[in-house]
Amino acid sequence: MKPTLFAAALAALLCAAPAHAQIDDSLPPDRTQSISILPLHFLLGFYAGDYERVVAPTISVGLGSSYFSGYGYSYEDPLTGQTYQTEALNYATLEGKVRYYPSADGLNGVSFGLTFGPTWVRGENVAPGGEDTFTALGVGFEVARSHMLGVDRRFYYGYGGGGKRLFPVTAASGDAELVIPTLRLSVGMLF
């Protein structure tokens, strides 16, 4: 075989590519909704879940709910530094959420969010100087990172943190303006 013919045959083999019809360049369908739970929180007796829907490339809206019941709980008021011991505590919340995704890839990437909604607190020695059962408006913020996984981008996980402040609106809640740190470690499905 002549060197020129050999070089041409080698070049043809190295440059070979499948025909366009053989390449599947379709992307998975866009996922615009997620439903997730917080499994690590569940192990600690804190039950929480979220639903989120993309309404614009950079904005999503959602709904979250959580419930916690505990005994012998103590906390320190961050404003006064006083420590309070609670005999029993029940905490439930329902929150609306708005998240901003600066990368315009909703449900995937860094997000900055606001949360708001009612919170119900019931227990003993919960609100210093006031009733132990009250309803409050919770207003908060969150910085999070979300990831879509899988060939068809159906699996979802996210993590982040923030905080919220409770503003009591019913009962004599004393001087309770509770500040609560929040932690998000969620897994779920996209559709």
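**Entry 1: a residue to start with**

Which strand does Gln85 lie in? I looked it up in this predicted model, and Gln85 sits in strand E4. I also wanted to know whether Gln85 is buried, exposed or something in between. Gln85 has a relative accessibility of 42%, so I put it down as partly exposed, since that class covers values between 20% and 50%. Then I checked Gln85 against Ser74: the two are eleven residues apart along the chain, and their C-alpha atoms are 4.3 Å apart.

**Entry 2: stepping back**

Next I went through the whole protein. I found two helices and eight strands. Reading from the N terminus, my list of elements goes α-β-α-β-β-β-β-β-β-β. The protein has 191 residues, and 36% of them count as buried.

I then looked at contacts between residues with a separation of 6 or more. Of those contacts, 58% join residues 24 or more positions apart. For the outside, I noted an accessible surface of about 11300 Å². Carbon and sulfur atoms account for 66% of that surface.

**Entry 3: the largest pocket**

Rolling a probe the size of a water molecule over the atoms shows where empty space is left. In this protein, the largest pocket has a volume of about 980 Å³. I noted 40 lining residues, and the ones closest to the pocket centre are Phe46, Tyr91, Ile180, Pro181 and Thr182.

Which elements give two or more residues to the lining? I got strands E2 (46-56), E3 (59-76), E4 (83-100), E5 (109-123), E6 (133-149), E7 (155-168) and E8 (179-190). E3 gives the largest share, with seven residues. Sorting the lining by class, I wrote down 19 nonpolar residues, 13 polar ones and eight charged ones.

**Entry 4: nonpolar cores**

I looked up the largest nonpolar core and got eight residues: Phe68, Leu89, Tyr91, Val121, Phe134, Ala136, Leu166 and Leu178. E4 and E6 are the elements that each give two or more residues to this core. There's also a second, separate core of six residues, and among them are Tyr101, Leu107, Met148 and Leu190.

Tyr91 caught my eye, as it turns up in the largest core and also among the residues closest to the pocket centre. What does Tyr91 touch, leaving out residues up to four places away in sequence? My list reads Phe46, Ser66, Tyr67, Phe68, Thr119, Trp120, Val121, Lys164, Leu166 and Ile180.

**Entry 5: Ser34**

I found Ser34 in strand E1, which covers residues 33-37. Is Ser34 buried or exposed? Its relative accessible area is 2%, so Ser34 is buried; the cut-off for that is under 20%. Skipping residues up to four places away in sequence, I listed what Ser34 touches: Asp50, Tyr51, Glu52, Leu107, Met189, Leu190 and Phe191. Two of those names, Leu107 and Leu190, were already in my notes from the second core.

**Entry 6: two positive phi angles**

Last, I checked some backbone angles. Ala104 isn't a glycine, but its phi is positive, near 60°. I found Ala104 in the loop between E4 and E5. With 41% relative accessibility, Ala104 counts as partly exposed.

Arg153 isn't a glycine either, and I noted a positive phi of about 55° for it. Where is Arg153 found? Arg153 is in the loop between E6 and E7. Its relative accessible area is 29%, so Arg153 goes down as partly exposed.

Technical notes
Residues numbered from 1 in each chain as written. Predicted model: local features only at pLDDT ≥ 70, side-chain atom pairs only at ≥ 80, totals over all residues. Heavy atoms only, no water. Helix = DSSP H or I, 4+ residues; strand = E, 2+ residues; numbered from the N terminus. Buried < 20%, exposed > 50% of the residue type's maximum accessible area, 1.4 Å probe, protein only. Contact = heavy atoms within 4.5 Å. Areas by Shrake-Rupley, 256 points an atom, 1.4 Å probe, with all protein chains shown as cover. 1 Å grid on protein atoms, 1.4 Å probe; cavity = no way out; pocket = protein on both sides within 12 Å on 5 of 7 lines; lining within 4 Å. Points joined across faces, edges and corners; volume = space filled by probe spheres on them. Nonpolar A, V, L, I, M, F, W, Y, C, P; charged D, E, K, R; others polar. Core = buried A, V, L, I, M, F, W, Y, C linked by side-chain atoms within 4.5 Å.
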